[in-house]
Amino acid sequence: MAAAAALEAAAPTDALWGLVHDFVMGQQEGPADQVAADVKSGNYTVLQVVEALGSSLENPEPRTRARGIQLLSQVLLQCHSLLLEKEVVHLILFYENRLKDHHLVIPSVLQGLKALSLCVALPPGLAVSVLKAIFQEVHVQSLPQVDRHTVYNIITNFMRTREEELKGLGADFTFGFIQVMDGEKDPRNLLVAFHIVHDLISRDYSLGPFVEELFEVTSCYFPIDFTPPPNDPYGIQREDLILSLRSVLASTPRFAEFLLPLLIEKVDSEILSAKLDSLQTLNACCAVYGQKELKDFLPSLWASIRREVFQTASERVEAEGLAALHSLTVCLSRSVLSADAEDLLDSFLSNILQDCRHHLCEPDMKLVWPSAKLLQAAAGASARACDCITSNFHKHSQVRDSQRRTILEMLLGFLKLQEKWSYEDKDQRPLNGFKDQLCSMVFMALTGPSTQLQLVGIHTLTVLGAQPDLLSSEDLELAVGHLYRLSFLEEDSQSWYVSLIYGPSLPSKALGPSCLLSHSEPSFHGLLSGESDLTRGDGPTQCSRHLCCLQALSAISTHPSIVRETLPLLLQHLCQVNKGNMVARSSDVIAVCQSLKQVAEKCQQDPDCCWYFHQTAIPCLLALAVQASMPEKEPSVMRKVLLEDEVLAAMVSVIGTATTHLSPELAAQSVTHIVPLFLDGNVSFLPENSFPSRFQPFQDDSSGQRRLVALLMAFVCSLPRNVEIPQLNQLMRELLELSCCHSCPFSSTAAAKCFAGLLNKHPAGQQLDEFLQLAMDKVEAGLGSGPCRGQAFTLLLWVTKALVLRYHPLSSCLTTRLMGLLSDPELGPAAADGFSLLMSDCTDVLTRAGHAEVRIMFRQRFFTDNVPALVQGFHAAPQDVKPNYLKGLSHVLNRLPKPVLLPELPTVSPMGLEREGTRTRIFMMWPSHTLPIALSCPDCVVQLSTLSCLQPLLLEAPQVMSLHVDTLVTKFLNLSSSPSMAVRIAALQCMHALTRLPTPVLLPYKPQVIRALAKPLDDKKRLVRKEAVSARGEWFLLGSPGS
């Protein structure tokens, strides 16, 4: 028995010895994972592994020792959490000793130390011991990249878990790390090294006398000049390194004396990227610097920034220079000074004013705007800076009349800056000192002959009026007089409109909401009714005045009290149209509805105002529509206008906008009136509800009444989900019946959309299943044969969309049914276009604003679930049906977010595009087979959708698309002569995007493309010629030096 037990105990040990031998002597990699798995499962202990490795660890051959330590390190990396404290102590002593071993052993030793740095059971003091050993025994920069990365990981691990111990080393730790990092070149390691340096500074490690050395070892990489190699698997971008290094350089004021001269040097260089990086770094540094750090460098910094703004040809450099100046002024403004300290802000601003203000009065005004931008950048930093510059600016603004507009525009910029700061003492506000002079200049602009000067004056007057208690009552009365004159007495339409739009904000903030309205309401009424002298001119002038008046009424409705004045005016105008008291067209009614919608949008922020609009406007609109739908002995042209498709669509937008923001309680009140109106003909809540006959849109054969179902759709599909709809069962059945009525396509479509909108919001359960079954029965019966096939298809499409949005299980069955219709001779093209509806956002129903259930990433899910079937169906379809599949596929791809589409590009091999696993990639056959067919398809919708999908892919995935350059060039050039202007433009944009492909791939096609693009240069459409010039210019420059 004893012998058997001995044999049984020896068996595992023999197995371990065998695994060790296979790894060390047999050079096999698999045994390491097996040993680690056995240790984790308890079959062996780490001590047994060390014993089994005994001879290997002491072998005189360095390679054998390295393999033995490698096996132990790989086991520790997977099992470090199982180690006991005593085991960790012995292992660390062993590994520290082996750091003195042959250089072939060092990589495996570092892997072991990395594993031990992760141990929870690491005793105090050993982290310091390990790092000292590495600093003393290992010349890190002579190691390969992966081993250097391991050293950085060890340091990072210890800094995360043993911070206090490492701080006990004092500056020795900083010096040791400087030695480790010095000379590092690999971007993967630099990202980690920069992070370590940032932690050294931000966590208050002692830098001692090594501040300059730490700065030098990091600043040597500034500015970053790195271009990632093609197909870089690590994904490290130049921007990653720039931001990481910037976080180091801008992390402490102690770097200021070394960094600021470097930044000034780089800003003054000729390299654009160095200028941008330096200015952005200066901007970041100002967040942590104070006056002490900036004092000696302010003149040089200002000189460099001034030169870049005055002389640069790059808008980006100018913008970054202005941002840096703003940050410098902010930094100087927030510094707390001692009693005897010099105030650097005043002297800095004085230098800026001295160098800029004389340019404001130069006759040629060449540097006016650069100077103004510099002054405004500084003025926007603080209230104190704004006061200093503004109070000095007006002294130098006396110029000739020809320059008044420019000066006024600059003043407008400074006035807007004043709005940022509040003043407890209004008398100390800098604007008070030259308010009269400013008002005089503005009023002169308003009375001047120049329309553009008047527009600037109106904007300036608006900003002045926004300043609390700045303008006196006399100033405001004079301002209102000027605005009234420009609004209703001047002939120029541009100043007329702008004064109406911006003028009311002046009295609304200074005199009260109804000030200008009380002056102008009679004029508004006269303009809308056509009684004003201003509307008795020619047709275009009258139409323009009428439209501008409507837009102005909606624009000024910014306050509940104003809404109570403007809304009745708009509704009264609409009623006059309905009664035939004034000549109007459908465009006039649509314009009124658009103004009503804008008013409704402004009311959404105030619940009381929103409810006022709803209970005032909605009954009025419904009453007008119901009245217009009633049969008449003598048909009225005006009433027919209200039943046109475009007019009803405009009313739908008003009703929907007015309903979406109602509270559930108020919405419940409204639904008890509106639903019975359509189901029972209850018109009691409508104004002027004496109609010649009963309103029965679901029973009446009159198409006029049926068309008003669109208004019902707008209301019920915009309600919150928790609002209970009365008589829902009856309503759904009536909608379903009307949706398949072929006599009026408009009403049947509206009924289908309304049915789908209610389905989408209905909670899951038996009633929803019943409604779905009714809908499917109706669809299948209608699709069979007969005159209702189109209406049945429309119902199928909207129900499918309602279910796709909410991830309903039945949506996949309906989508499959829709795909089946792609082969239908009659409905195939419509089914293809239906995929555009499924993937796009609607504006009237099934919207998030209307409380529909729209799940996030529904497009991505639809793509994943259905595109493989579309691709498979395309290959199996007859030739005459393939365009339908292409159109459907292109609609799906075109609506898919591009960041989602790009990862679906396949792994490309020299043999072409492959399949990855069992998942079909959409571009598997698109470039090599489907793409030529799609671009050759005569359907311009397919062409345009395909081009729209390809353009961003050419920009973002040039390496993949370059495999199909021959096909792309040929097809794009052919489509640049398409009869469709939109296709020509898209093809030329793709030709432009092609230049992003690798230059060697494109050069063989350069002569052919330049010749072919000469033709669209003479296109009859300006937009086409513009794209042709842009594309041809890029192809001309292809391969030239610097391109």
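**Exercise 1. Describe how helix 19 and helix 21 pack in this predicted model.**

Step 1: start with the geometry. Helix 19 covers residues 315-334 and helix 21 covers residues 368-379; their axes sit 7 Å apart, and the packing angle is about 35 degrees.

Step 2: get the handedness. Helix 19 and helix 21 make a right-handed crossing.

Step 3: pick out the side that each helix offers. From helix 19 come Glu318, Leu322, Leu325, His326 and Thr329, and they meet Lys373, Leu374, Ala377 and Ala378 of helix 21.

Step 4: sort those contact residues by class. You get five nonpolar, two polar and two charged.

**Exercise 2. Now do the same for helix 41 and helix 42.**

Step 1: helix 41 runs over residues 766-784 and helix 42 over residues 789-805. Their axes come within 8 Å, with a crossing angle of roughly 145 degrees.

Step 2: check the hand. For helix 41 and helix 42, the crossing is left-handed.

Step 3: list who touches whom. Helix 41 brings Leu772, Ala775, Lys778, Val779, Gly782, Leu783 and Gly784. Facing them in helix 42 are Arg789, Ala792, Phe793, Leu795, Leu796, Val799 and Leu803.

Step 4: tally the classes. The contact of helix 41 with helix 42 holds 10 nonpolar, two polar and two charged residues.

**Exercise 3. Work out what surrounds the second largest pocket.**

Step 1: begin with the space itself, which comes to about 370 Å³ for the second largest pocket.

Step 2: look at the wall. There are 23 lining residues, and those nearest the centre of the pocket are Val652, Ser653, Gly656, Thr843 and Asp844.

Step 3: trace the wall back to its helices. Helix 35 (645-660), helix 38 (709-716) and helix 40 (745-761) each give two or more residues to the lining. Helix 35 gives the most, with eight residues.

Step 4: zoom out to domains. Domain 4 (558-630 + 638-726) and domain 5 (749-904) each supply at least three residues to the lining of this pocket.

Step 5: finish with the chemistry. The lining of the second largest pocket splits into nine nonpolar, 10 polar and four charged residues.

**Exercise 4. Find where the backbone features at Pro223 and Asp204 lie.**

Step 1: take the peptide bond between Phe222 and Pro223. That bond is cis, with omega about -5 degrees.

Step 2: place Pro223 in the fold. Pro223 belongs to the loop between helix 13 (211-219) and helix 14 (238-249).

Step 3: move to Asp204. Phi there is near 65 degrees, a positive value in a residue that isn't glycine.

Step 4: place Asp204 too. Asp204 lies in the loop between helix 12 (187-202) and helix 13.

Terms used:
Residues are numbered from 1 along each chain as its sequence is written. This is a predicted model: local features need pLDDT of at least 70, side-chain atom pairs count only at pLDDT 80 or more; totals for chains, interfaces and linings use all residues. Side-chain values use heavy atoms; hydrogens and water are left out. Axes are lines fitted to C-alpha atoms, for helices over the stretch in contact, and angles run from 0 to 180 degrees between N-to-C directions. Helices (H or I, at least four residues) and strands (E, at least two) are DSSP runs, numbered from the N terminus. A crossing is left-handed if the near helix is turned anticlockwise from the far one by less than a right angle, and right-handed if clockwise. Contact means heavy atoms within 4.5 Å. Ala, Val, Leu, Ile, Met, Phe, Trp, Tyr, Cys and Pro count as nonpolar, Asp, Glu, Lys and Arg as charged, and the others, Gly among them, as polar. On a 1 Å grid over the protein atoms alone, a cavity is a set of points where a 1.4 Å probe fits but cannot get out, and a pocket is an open set with protein on both sides within 12 Å along at least five of seven lines; lining residues have an atom within 4 Å of a point. Grid points are joined across faces, edges and corners, and a volume is the space filled by probe spheres set on the points. Domain bounds come from an automatic or database domain assignment.
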